[in-house]
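The exercises below ask you to read a structure step by step, and each task is followed by a worked solution. Please look at the sequence and the structure before turning to the solutions.

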Amino acid sequence: MKNTIFKSGLVALALITTITSCSKKEGFTINGTIAGLDKGMVYLEKTDEKGDKKITDSAQIVGGAFAFEGKAEEPLLYSIKLKGQEYGIFLLLDNEEIKIEAKKDSIYKAKITGATQNEIYRSYYDNEFKEIQKIAGPIYKLSDSLQQNGKVKLTTEQQTMMDKKWKDLSAFADGLTDKYIIKNKDKIGAALVISDRIVSYGTPEQLKKYYAVLSPEIQKSFYGKQLKATIDLNEKTAIGAMAPEFSQIDVNGKEIKLSDYKGKYVLVDFWASWCGPCRKENPNVVLAYKTYHEKGFNVLGVSLDDKKKLWEKAIEKDGLTWTHVSDLKGWKNDVAVLYGVKLVPTNYLIGPDGKIIAKNLREAELQSKLKEIFSKS
């Protein structure tokens, strides 16, 4: 009798557990309020693997409140924005109950609660990155002051001093980022910080190192796969590799191929008219071109502009007398995508045999490398 009652109890417990499991909500809910906005539309938008923005859902704002429901296959970055606005709240969305409190004129400053993965990711920028900025800010100000915003050339002593400051800053930043990635190696936030900081500002060696740190689960995630694709691309554009062939249209509509420069040294220079550091570096490239062009050195500019007039105006103003190409697709320039360019300026020095000799030669490094090459010839 007792055994029967015990068995009945187990059956009842199993039934309750089953009902509870079935009734458990899967997916995410986002409940938001926007102070100062009684009605309107709000959109949920994500960026796909090609970098294109895609609206995945929309909701009406009623009485200053809105809600989204859905299911995330894995944590992904989304943006919640108002109709007619380009930017909104960035959120690493997972299957959780999330609350958003925002103000109409500063939705990007919204308070987000309940989003665990998002909090882990944002913690890097709220802590480590802020510490880096505290050190970096005064160094940038000092550099601009000494150079008077690029009008004055640093003395040897000043250059030595600034080089040390930049080196120390880099070591400090690398140390904090390193600790964050290792601590969160099993979190999506680590993959995103690698993408944000290492892919754009680190070295291919650092990228491989930190990718290996990530847990197998994170390596298999959407952002982990992106990192692996970047690593594979870096191998194709590594020093010693054959430079990937490409062709693009110049300012006059003529097709220009990289192979047109076979037998010569060519600097493939990725830049844009809107890029301050690019325009600052242009005089150095002009000097290199004037000094070594007759000896066999060429420059092929690849612009990430999307407006032809601005592109042509910058070429003329900066005195860039070499060949320039662009498909006017901005960051989606086909050649930039082919070479995995994540920031500008970026350049590749390619030898007569078509192999990549060096990457990102700037200022004195460019002059020194060309002097080394042409003093031997």
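**Exercise 1.** With which residue does arginine 279 form a salt bridge, and how far apart are the closest N and O atoms?

*Solution.* Before starting, note that this is a predicted model, in which local features need pLDDT of at least 70 and side-chain atom pairs count only at pLDDT 80 or more, while totals for chains, interfaces and linings use all residues. Residues are numbered from 1 along each chain as its sequence is written, and side-chain values use heavy atoms, with hydrogens and water left out.

Step 1: apply the criterion, by which a salt bridge is a side-chain nitrogen of Lys or Arg within 4 Å of a carboxyl oxygen of Asp or Glu. Arginine 279 satisfies it with aspartate 318, the closest N and O atoms being 2.5 Å apart.

Step 2: place the partners, using helices (H or I, at least four residues) and strands (E, at least two) that are DSSP runs numbered from the N terminus. Arginine 279 belongs to helix α8 (residues 276-292) and aspartate 318 to helix α9 (residues 308-318), so that the pair links distant parts of the chain, 39 residues apart.

Step 3: consider accessibility, where buried means under 20% relative accessible area, exposed over 50%, and partly exposed in between (1.4 Å probe, protein chains only). Arginine 279, at a relative accessible area of 24%, is partly exposed.

**Exercise 2.** Find how many salt bridges the rule gives, and set out the pairs of lysine 164 and lysine 208.

*Solution.* Step 1: the count comes to 12 salt bridges.

Step 2: lysine 164 meets aspartate 168 through their side chains, with an N to O distance of 2.8 Å. Both residues lie in helix α3 (residues 156-183), four residues apart, which is about one turn of the helix. Lysine 164 is exposed at 53% relative accessible area, whereas aspartate 168, at 40%, counts as partly exposed.

Step 3: lysine 208 pairs with glutamate 235, their closest N and O atoms lying 3.3 Å apart. Since lysine 208 is in helix α5 (residues 204-213) and glutamate 235 in helix α7 (residues 222-236), the pair ties together parts that are 27 residues apart in sequence. Lysine 208 is partly exposed, with a relative accessible area of 44%, and glutamate 235 likewise counts as partly exposed at 44%.

**Exercise 3.** Determine which residues of α5 are buried, and what covers them.

*Solution.* Step 1: the buried residues in α5 are Leu207, Tyr210 and Tyr211. They lie on the same side of α5, because they cover an arc of only 105° around the axis, the arc being that of the directions from the helix axis to the C-beta atoms.

Step 2: on the face of α5 turned away from its buried side are the exposed residues Glu205 and Ala212.

Step 3: the cover over the buried residues of α5 includes α3, α4 (188-201), α6 (216-219) and α7.

Step 4: turn to α3, where Met162, Leu169, Ala173, Thr177, Asp178, Tyr180 and Ile181 are buried. These buried residues of α3 pack against α2 (116-147), α4 and α5.

**Exercise 4.** Which cysteines are joined by a disulfide, and are they buried or exposed?

*Solution.* Step 1: a disulfide is taken as a pair of cysteine sulfur atoms within 2.5 Å, and a search of the whole structure finds one.

Step 2: cysteine 275 is joined to cysteine 278, with an S to S distance of 2.3 Å. The torsion about their S-S bond is about 80°, so the disulfide is right-handed.

Step 3: cysteine 275 is buried at 3% relative accessible area, and cysteine 278 is buried at 2%.

**Exercise 5.** Identify the elements of the chain with the lowest and the highest mean pLDDT, and describe where valine 325 lies.

*Solution.* Step 1: pLDDT is the predictor's confidence in each residue, from 0 to 100; the chain averages 90, and 92% of the residues score at least 70. Helix α1 (residues 2-23) has the lowest mean among the elements, 43, and strand β13 (residues 323-325) the highest, 98. Over residues 1-24 the pLDDT is below 50, and this stretch has zero contacts in the model beyond near neighbours in sequence, a contact meaning heavy atoms within 4.5 Å.

Step 2: valine 325 is found in strand β13 and counts as buried at 1% relative accessibility. Leaving aside neighbours within four places in sequence, the contacts of valine 325 include Gln248, Ile256, Leu300 and Trp311.
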